[in-house]
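Trainee: Could you take me through one part of this model closely, in a single connected account?

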Amino acid sequence: MVGGQADVKLVSNAMANATRRKIMAMLVEKDRTREEVEQVAGGSMLDYHLQMLQQAGLADMKEGLIVLTDFGKNFM
């Protein structure tokens, strides 16, 4: 995923936020449902946080679960 300066900036912006770092730490343990993430990270702005992680190529939605991408796994 990360190749150019724009990609590096997306990842840096995504990981600059404590809520998104918390979400990533949860996903390292296992794939999570939206409800599981919402309980820990809060419902306020959850869609925004997930979108930032997806744009950076760190996380994705698959079959109702929030999962780390291969890049996200390697990043963590």
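**A loop residue and the core**

Mentor: E63 lies in the loop between β2 (59-62) and β3, in what is a predicted model. The phi of E63 is near 55°, a positive value in a residue other than glycine. Most residues other than glycine have a negative phi. E63 counts as exposed because its relative accessibility is 84%, where the cut-off for that label is over 50%.

A second residue can be set beside it. M45, which is found in the loop between α3 and α4, has a positive phi of about 65° although it, too, is not a glycine.

From the loops we can turn to the interior. The largest nonpolar core has 17 residues, and those with the most contacts inside it are I23, M24, L27, V37, L53 and L58. At least two residues of this core come from each of α1 (5-15), α2 (18-29), α3 (34-41), α4 (46-55) and β3 (65-68), and α2 gives the most, with 4 residues. In soluble globular proteins, nonpolar side chains tend to be buried together. V37, one of the core residues with the most contacts, touches I23, M26, R32, G42, L46 and I66, if residues up to four places away in sequence are left out of the count.

As for how far to trust these details, the mean pLDDT of the chain is 92, and 96% of its residues reach 70 or more. Confidence is lowest in α1, at a mean of 89, and highest in β3, at 97. Where pLDDT is low, the predicted coordinates should not be read in detail.

Note on methods
Residues are numbered from 1 along each chain as its sequence is written. This is a predicted model: local features need pLDDT of at least 70, side-chain atom pairs count only at pLDDT 80 or more; totals for chains, interfaces and linings use all residues. Side-chain values use heavy atoms; hydrogens and water are left out. A nonpolar core is a set of buried Ala, Val, Leu, Ile, Met, Phe, Trp, Tyr and Cys residues joined through side-chain atoms within 4.5 Å. Buried means under 20% relative accessible area, exposed over 50%, partly exposed in between (1.4 Å probe, protein chains only). Contact means heavy atoms within 4.5 Å. pLDDT is the predictor's confidence in each residue, from 0 to 100.
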